[in-house]
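Please work through the exercises below with the sequence and the structure open beside you. Try each task on your own before you read its solution.

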Amino acid sequence: MSANVLVTGAGGFVGYHLVKYLVRSGYRVRAVDLHPPEYEESPAHEFEVLDLRQFEHCLIATRGIAEVYHLAADMGGIGYITAYHASITRNNALINLHMLEATRENGVRRFLFSSSACVYPQYLQKSADVTPLKEADAWPADPEEGYGLEKLFTEKACQYYREDFGLETRVVRFHNVYGPLGTYDGGKEKAPAAICRKVALAPDGGEIEVWGDGEQTRSFMYVDDCVEGIYRIMQSDSPEPLNLGTDELVTINQLVDTVAAIAGKRISLCHDLSQPQGVRGRNSDNTRLRRVLGWEPRTPLRQGLIPTYRWIEGELRKHGRIPMRAFASESIAVQQPVRTPAPGAV
Ligand code: GKE
């Protein structure tokens, strides 16, 4: 029996977890990316290495598919997306427009697009004490350069394909997703993974580098909530963009303190103001999400950081980057976030 759902970007962090969620929910899953997942083999029924910047590859990827979860994107943390505006814009614009057209040509029923909180205007994110961002706040537009602007453009392209061709589309704006099996080194990592890496590599009483003064704020969403939210939004009747994040606002200094507590280490912070910081404050307003789904991400940051820190520390140990004696966090009892079965799972 051939696959009925497609996940693009399935070699990436959220893509890997989404494939696992859909397979467990009884779907036959085709997974596509430029490379297979880095840390664990994909549980997809079919994994195809394709370059979605090429239209022909998008036609191959979407053949015979009922639903597309389109997560493929050239992306990374603030250090990466502020350094490669041109290539990120070109790669993502090619991938997204080709995927929309191939989805239409192959008669796919429904298309979910992974957008981002980076679509929100910078003029609304100048204070650490930020007012949570509502979906309607995206306009008048002043998104994050490159990555954010392209995401906002593709959100509109989804709307036009729905209006002109009747393609059912769903748009999800991710708010900083973290968890095990995500990039934690190499330049594309986001803050939670970067901080976990730095704390794991530091001795007790050591010091870590933190970008900015650490008083900038964010909300972070655990990956299990993210994939459940993606699934619920795909099943929903809402074609309008939806925030997907938590509204648990923390400073980056508080993020460091939480990770240090999990590691059982005393850590001092060296703030580097020359490093990229992005917006001063960002939080998700989940009013529309709650109204549409009757659900919202619920894993508290500390609860998600425990398995995340453990996994990153384990990876660093596996690669011999942590001397055996510094491996302190084993004593912490790990409480896995509760996994709820997918609503309407086939
Ligand atoms: N990456 C990173 N690495 N960030 C650090 C570090 C570090 O070692 N130390 C402090 N930070 C600070 C950054 O300066 C920034 O102010 C904050 O953590 C969050 O950085 P981030 O997680 O890399 O990314 P942002 O939330 O600023 O932006 C990301 O938003 C996502 C959507 O919420 C984007 O890069 C995309 O990953 C995505 O759109």
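**Exercise 1: A serine in a loop**

Leaving aside neighbours within four places in sequence, S238 is in contact with T169, R170 and V292. The model is a predicted one, and the task is to find where S238 lies and to decide whether S238 is buried or exposed.

*Solution.* Begin with the position along the chain: S238 belongs to the loop between α7 (223–235) and β11 (242–244). Next, take the relative accessible area of S238, which is 9%. Because a residue counts as buried under 20%, S238 is buried. Finally, look at the side chain, where a polar atom of S238 lies 3.4 Å from the backbone oxygen of E240.

**Exercise 2: Two side chains and their backbone partners**

For Y178 and for H17, find which backbone oxygen lies by a polar atom of the side chain.

*Solution.* Start with Y178, which is part of strand β7 (residues 177–178) and is buried, with a relative accessible area of 2%. Beyond four places in sequence, the residues that Y178 touches include F13, P192, F220 and L301. The last of these supplies the partner, since the backbone oxygen of L301 is 3.3 Å from a polar side-chain atom of Y178.

Now turn to H17, which sits in helix α1 (residues 13–24) and is also buried, at a relative accessible area of 8%. With residues up to four places away left out, H17 touches P180, L181, V223, D224 and V227. Here the partner is P180, whose backbone oxygen lies 2.9 Å from a polar atom of the H17 side chain.

**Exercise 3: Backbone angles**

Which phi values do N176 and L181 have, and where is the cis peptide bond that involves P140?

*Solution.* Take N176 to begin with: this residue is in the loop between β6 (168–174) and β7, and its phi is positive, at about 35°, although it is not a glycine. The relative accessible area of N176 is 21%, so N176 is partly exposed. L181, in the loop between β7 and α6, likewise has a positive phi without being a glycine, here of about 70°, and L181 is buried, with a relative accessible area of 11%. The cis peptide bond joins W139 and P140, with omega at about -5°, and P140 lies in the loop between β5 (110–116) and α5 (147–165).

**Exercise 4: The ligand and its shell**

Describe which residues surround the ligand, and how much of the ligand the protein buries.

*Solution.* First, consider the shell, in which 25 residues lie around the ligand and S116, N176, K198, P276 and Q277 come nearest. By class, these residues are 13 nonpolar, seven polar and five charged. Among the elements, α3 (78–81), α6 (191–201) and β8 (207–211) each give at least two residues, and α6 gives the most, with three.

Then examine the oxygen atoms of the ligand. One oxygen atom is 2.7 Å from an N or O atom in the side chain of S116, a polar side-chain atom of R218 lies 2.9 Å from a ligand oxygen, and a backbone N or O atom of I78 is likewise 2.9 Å from an oxygen atom of the ligand. Taken alone, the ligand exposes 710 Å², of which the protein buries 98%.

**Exercise 5: Confidence**

Which residues have a pLDDT that stays under 50?

*Solution.* Set the overall picture first: the mean pLDDT of the protein is 94, and 93% of its residues reach 70 or more. The stretch asked for is residues 326–346. Where pLDDT is low, predicted coordinates should not be read in detail.

Conventions: Residues are numbered from 1 along each chain as its sequence is written. This is a predicted model: local features need pLDDT of at least 70, side-chain atom pairs count only at pLDDT 80 or more; totals for chains, interfaces and linings use all residues. Side-chain values use heavy atoms; hydrogens and water are left out. A residue is near a molecule or strand if one of its heavy atoms lies within 4 Å of it. A polar contact is a pair of N or O atoms within 3.5 Å; within protein, one must be able to donate a hydrogen and the other to accept it, and residues adjacent in sequence count only if both atoms are side-chain atoms. Accessible areas come from the Shrake-Rupley method with a 1.4 Å probe; for residues, only the protein chains shown count as cover. Helices (H or I, at least four residues) and strands (E, at least two) are DSSP runs, numbered from the N terminus. Ala, Val, Leu, Ile, Met, Phe, Trp, Tyr, Cys and Pro count as nonpolar, Asp, Glu, Lys and Arg as charged, and the others, Gly among them, as polar. pLDDT is the predictor's confidence in each residue, from 0 to 100. Contact means heavy atoms within 4.5 Å. Buried means under 20% relative accessible area, exposed over 50%, partly exposed in between (1.4 Å probe, protein chains only).
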